[in-house]
Protein chains: 2
Amino acid sequence: METRTHAAYEIKLSDRRCPSRRALDLITDRWTPLVIFLLSDGPCRYTQLKRQIGGITQKMLTQTLRKLEDEGLATRTVYPTSPPSVEYALTPLGETLREPIQQLLHWSRSYGLQMRSTREVAKSDEERRKDPE
Amino acid sequence: METRTHAAYEIKLSDRRCPSRRALDLITDRWTPLVIFLLSDGPCRYTQLKRQIGGITQKMLTQTLRKLEDEGLATRTVYPTSPPSVEYALTPLGETLREPIQQLLHWSRSYGLQMRSTREVAKSDEERRKDPE
DNA sequence: CAGAATCCTACCTGATACTG
DNA sequence: CAGTATCAGGTAGGATTCTG
């Protein structure tokens with residue numbers, strides 16, 4: 001009993017190789033939630049995704065999409081038009097992430113501003129703690 | 001209209017400096033969701049957290065906790081016992097993250113195994129795509 | 001358009017030593 | 001106990017260039 005077991009979920013957070021832990025690691029990085037959020041709105045093309053996610057590089061976008069594809073969360077469809085277009089979409093499994101991810105985005109929208117103001121308030125405390133010279 | 005606006009949430013994902021976007025970035029990294037998840041179960045001490053989150057270094061744990069503190073999501077309370085103990089707890093603002101984070105953990109538990117099996121299935125596809133000599 | 005390839009840096013890890 | 005400090009090494013990620 002080295003790990004606290006939570007009423008509802010029995011995840012061994014203490015073990016990085018635990019499948020649940022690996023699943024969590026997969027969806028908690030800088031770009032994955034954003035990509036999934038956009039895809040949860042419907043299929044989307046590469047350049048569309050890139051334009052809508054500020055700051056992402058094509059390397060990271062490609063890498064993130066490949067990962068989602070490999071894990072069975074998204075599909076990649078190439079339309080042989082000219083110029084070619086590639087469309088990404090969530091799989092049924094990927095769709096199950098819609099709710100959790102949207103909750104996260106919902107929270108971000110609600111508390112983004114509150115957090116900023118809290119920081120301002122906390123600044124004086126910081127100054128006191130740091131005690132620069 | 002360069003960014004898709006989503007029915008419920010108006011977040012400019014295309015702008016990294018958007019407060020909502022910054023809030024999201026804050027909670028989507030390797031360690032923050034895990035720390036918040038554990039704290040959402042009640043106040044917890046440093047060593048307890050460290051033991052329960054497999055693979056985290058003391059540097060990253062401290063860094064993550066400081067960030068949560070600075071953003072007003074968690075509190076740090078020092079009990080001047082001997083040896084001293086430090087307890088971390090969510091603030092009311094931090095508590096608002098309970099549901100979203102638990103949803104994420106819930107998903108991880110449910111689909112951790114499914115994803116593995118999907119990967120196995122997808123392997124043959126990968127082989128075909130890579131076409132190694 | 002949708003990437004692949006390359007280079008390069010910042011951050012993270014891991015180990016260890018030290019402190020109040 | 002709850003950190004801080006340091007240093008070696010690896011890897012994730014950014015910037016740039018090129019391509020079918």
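How far does a polar side-chain atom of Y88(B) lie from a phosphate oxygen of DNA strand D? The separation is 2.6 Å. The legends below cover this contact and its surroundings in a predicted model.

**Figure 1. Polar contacts of chain B with the phosphates of DNA strand D.**
Three residues of chain B are shown. The side chain of Y88(B) places a polar atom 2.6 Å from a phosphate oxygen of the strand. R66(B) also uses its side chain: a polar atom lies 3.1 Å from a phosphate oxygen of DNA strand D. V86(B) uses its backbone instead, with a polar atom 3.2 Å from a phosphate oxygen. Elements giving two or more residues to the surface near DNA strand D are α4 (58-70) of chain A, and α3 (46-52), α4 (58-70) and β3 (85-90) of chain B.

**Figure 2. The protein surface near DNA strand D.**
Both protein chains appear in this view. There are 18 residues around DNA strand D. Those that come nearest are Q58(A) and K59(A) from chain A, with T47(B), R76(B) and Y88(B) from chain B. Which element gives the most residues to this surface? It is α4(A), with four. By class, the surface holds seven nonpolar, seven polar and four charged residues. On the DNA side, sugar or phosphate supplies 68% of the strand D atoms within 4 Å of the protein. Bases supply the rest.

**Figure 3. The protein surface near DNA strand C.**
Here 19 residues surround DNA strand C. T47(A), Q58(A), R76(A), Y88(A) and M60(B) come nearest. Of the DNA strand C atoms that come within 4 Å of the protein, 84% belong to sugar and phosphate. At least two residues each come from α3 (46-52), α4 and β3 (85-90) of chain A, and from α4 of chain B. The largest share is that of α4(B), with four residues. The residues divide into eight nonpolar, seven polar and four charged.

**Figure 4. Polar contacts of chain A with DNA strand C.**
What kind of DNA atom lies 2.8 Å from a polar side-chain atom of Q58(A)? It is a base nitrogen of DNA strand C. Two further contacts go to phosphate. A side-chain N or O atom of Y88(A) is 2.5 Å from a phosphate oxygen of the strand. R66(A) brings a polar side-chain atom to 3.2 Å from a phosphate oxygen.

**Figure 5. The three-stranded sheet of chain B.**
The sheet is open, with strand order β1-β3-β2 and antiparallel pairing. The edge strands, β1 and β2 of chain B, each pair on one side only. Two bridges link β1 (residues 44-45) to β3(B). In this pairing R45(B) stands opposite E87(B). Six bridges link β2 (residues 74-79) to β3(B), again in the antiparallel sense. A hairpin of five residues connects β2(B) to β3(B).

**Figure 6. Strand β3 of chain B and its bridge partners.**
Why is β3(B) described as largely enclosed by the rest of the structure? Five of its six residues are buried, so the strand is largely enclosed. R76(B) has Y88(B) as its bridge partner in β3(B). T77(B) is the bridge partner of E87(B). In the pairing with β1, E87(B) stands opposite R45(B). Y88(B) also makes the 2.6 Å approach to a phosphate oxygen of DNA strand D. R76(B) is among the residues that come nearest to that DNA strand. In a regular strand, side chains alternate between the two faces of the sheet.

**Figure 7. The three-stranded sheet of chain A.**
Chain A also has an open sheet of three strands, in the order β1-β3-β2, with antiparallel pairing. Its edges are β1 (44-45) and β2 (74-79), each with a single partner strand, so one side of each has no neighbour in the sheet. β2(A) and β3(A) run antiparallel and are joined by six bridges. T77(A) has E87(A) as its bridge partner in β3(A).

**Figure 8. Model confidence along chain A.**
The mean pLDDT of chain A is 84. A value of 70 or more is reached by 78% of its residues. Two segments stay under 50. Residues 1-9 form one of them, with 15 contacts beyond four places in sequence in the model. Residues 122-133 form another, with six such contacts.

Terms used:
Residues numbered from 1 in each chain as written. Chains lettered and ligands numbered in written order. Predicted model: local features only at pLDDT ≥ 70, side-chain atom pairs only at ≥ 80, totals over all residues. Heavy atoms only, no water. pLDDT = per-residue confidence, 0-100. Contact = heavy atoms within 4.5 Å. Near = heavy atom within 4 Å. Polar contact = N/O pair within 3.5 Å; in protein donor to acceptor, adjacent residues only side chain to side chain. Nonpolar A, V, L, I, M, F, W, Y, C, P; charged D, E, K, R; others polar. Buried < 20%, exposed > 50% of the residue type's maximum accessible area, 1.4 Å probe, protein only. Pairing = 2+ DSSP bridges.
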